[in-house]
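Here are some worked exercises to try with the model open in your viewer. Have a go at each task before you read its solution.

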Amino acid sequence: MQPLNLLPISNPNSPPSMLIPTSSASADTMLVRSEPHIIHSSSSSTILLVQDDDDDSKIETKPLLTRAFSYSSSSSSSSSNLVMQQRRRRIASANSLLSGAVEGCRREMGKAASDTYVVTRLSFRLLRYLGVGYRWIARFLALGCYAMLLIPGFIQVGYYYFYSSQVLRGIVYGDQPRNRLDLYLPKNMNGPKPVVAFVTGGAWIIGYKAWGSLLGQQLSERDIIVACIDYRNFPQGTISDMVKDASQGISFVCNKIAEYGGDPNRIYLMGQSAGAHIATCALLEQAIKETGAEPRASWSTTQIKTYFGLSGGYNILKLVDHFHSRGLYRSIFLSIMEGEQGLRQYSPELMVQDPNTKNAVSLLPPMVLFHGTADYSIPCDSSKSFADTLKALGVKAECILYEGKTHTDLFLQDPMRGGIDDMLDDLITLIHGDSSETIRENSTPRKRLVPEFMLKMARSVSPF
């Protein structure tokens, strides 16, 4: 068989796009046109490539290798551009994240520096009030020893406070720097939960919302939301500022707690030590406002189901000398209470006995006062006397005493001891009622946070 010959020719008379066989028998030839019509000839084995002379278009031929190489180069270039774009995006994203992290770090450092400055300034101001007195210096040193002995418990509670997803820290409730509160939420939020608005203690000087983290953790594990309210301390503020802050925090809880899963119909108010005094004053002031001609405030005493007072002082006029003997000097305490007139104005036991507040007293919720009989910071007679006065005025009140318990036993040592805690059990029973046993059975058992010998040593050196 002869080889197939491909001959380019021009034939303007032939129709385009056809393959025309030639008539020559000796040369197996076929004309090839630009159109893809092929006419086969049995007598020819040669194909002629025919192009019209009058056609301006030219047949452009490119080697297959060149086309393949060109495609590969284009594809490779496109892929390379895509990779570079993705790399640039990743670098830009990383730079953005780094910039955000640096900016966030700067803000945090700035806030920490600002807070440190404020605390330092207030500390020096407080020292100026205290002067050089052996009583408060001795109490301060005792406080340091006390804290060191309880450090194993503080570390565990601190870890929970800063890293638990159940703790919402620093929620703003007002326009002052200390108008913040922490929320402790139960893990199981399957329905509206009862709420405890808690005002921490601290001798009106060192109070802070984080002091309630142990109580907040234990109550939240028993299906109760806890809101720990912060407030201005002396010398940043005086008693009227503290009461105002506490009232604003209570208002926030009453009006906003439903957004966090709380039951607005089951709100309880609780205070500890100085916080019990401040919370009671806020409650009484609110009741007085509601019976007066002032416009209705943002919360009402009717929204508080029960008040719980833990180791509180309710007749400040009687406690001035006692506090002076324990290092909280009379001059400082008078500054905190805004003078001699403030001792009577901010003594809840005296406030409720004022004939002008008779209608306000009738608005008070049930009052339950907890106190230890071995409390030497604020004697238990303070709670007993206040409860008796309230009952005489027709208020539903009760004083629950715990034999041999000190000021800090009920709030710190007993909770860190684990096991059974009488005050905590009473609190859960009063809040949950008939379902309290079921709540206890389904709760995580209370574990020991501090060895017993350290708890006993801490109790012996406690300045409170």
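## Exercise 1: Helix α14

In this predicted model, a side-chain oxygen of D421 comes to within 3.2 Å of the backbone nitrogen of M423, at the start of α14.

Task: find which residues of helix α14 (residues 422-432) are buried, and work out why they lie on the same side of α14.

Solution.
- Step 1. Go through the helix with the cut-off for buried, under 20% relative accessible area. The buried residues of α14 are M423, L424, L427, I428, I431 and H432.
- Step 2. Look at the directions around the axis. These residues cover an arc of only 145°, so they sit on the same side of α14.
- Step 3. Recall the general geometry. An α-helix has 3.6 residues a turn, so residues three or four places apart point the same way.
- Step 4. Move on to the other end. Just after α14, G433 takes a positive phi of about 65°.

## Exercise 2: Salt bridges

Task: count the salt bridges, then say which parts of the chain are tied together by the pairs D223 with K193 and R459 with D409.

Solution.
- Step 1. Apply the cut-off: a side-chain nitrogen of Lys or Arg within 4 Å of a carboxyl oxygen of Asp or Glu. The count comes to 17 salt bridges.
- Step 2. Take D223 and K193, whose closest N and O atoms are 3.1 Å apart. D223 belongs to the loop between α4 (213-220) and β8 (225-229) and K193 to strand β7 (residues 193-199), so this salt bridge ties together parts 30 residues apart in sequence. K193 is buried, at 4% relative accessibility.
- Step 3. Take R459 and D409, which form a salt bridge at 2.8 Å, N to O. R459 is in helix α16 (residues 452-461) and D409 in helix α13 (residues 409-417), so the pair links parts 50 residues apart in sequence. R459 is partly exposed at 33% relative accessibility, while D409 is buried at 3%.
- Step 4. Finish with R448 and E452, which meet in a salt bridge of 3.1 Å, N to O. R448 is partly exposed at 40% relative accessible area, and E452 is partly exposed at 25%. Both belong to a network of salt bridges that links K405, D414, R417, R448 and E452.

## Exercise 3: Two residues and their contacts

Task: decide whether G262 and N179 are buried or exposed, and list what each one touches.

Solution.
- Step 1. Place G262: this residue is in strand β9 (residues 262-272). With 5% relative accessibility, G262 counts as buried.
- Step 2. List its contacts, leaving out residues up to four places away in sequence: P192, K193, V195, I225 and I257. The C-alpha atoms of G262 and L185 are 9.1 Å apart, while the two residues are 77 apart in sequence.
- Step 3. Place N179, in the loop between β5 (167-172) and β6 (180-184). N179 is buried, with a relative accessible area of 0%.
- Step 4. List the contacts of N179 in the same manner: I171, V172, Y173, G174, D245 and Q248. With D245 there is also a polar contact of 3.3 Å between the side chains.

## Exercise 4: A surface patch

Task: which residues form a nonpolar patch on the surface with F140?

Solution.
- Step 1. F140 is in helix α2 (residues 134-149) and is exposed, at 55% relative accessible area.
- Step 2. The patch consists of I137, F140 and L141, with about 310 Å² of accessible area together.

Definitions and conventions:
Residues numbered from 1 in each chain as written. Predicted model: local features only at pLDDT ≥ 70, side-chain atom pairs only at ≥ 80, totals over all residues. Heavy atoms only, no water. Helix = DSSP H or I, 4+ residues; strand = E, 2+ residues; numbered from the N terminus. Buried < 20%, exposed > 50% of the residue type's maximum accessible area, 1.4 Å probe, protein only. Arc of directions from axis to C-beta. Polar contact = N/O pair within 3.5 Å; in protein donor to acceptor, adjacent residues only side chain to side chain. Contact = heavy atoms within 4.5 Å. Patch = residues over 30% accessible without salt bridge, like charges linked within 9 Å, V, L, I, M, F, W, Y side chains within 5 Å. Areas by Shrake-Rupley, 256 points an atom, 1.4 Å probe, with all protein chains shown as cover.
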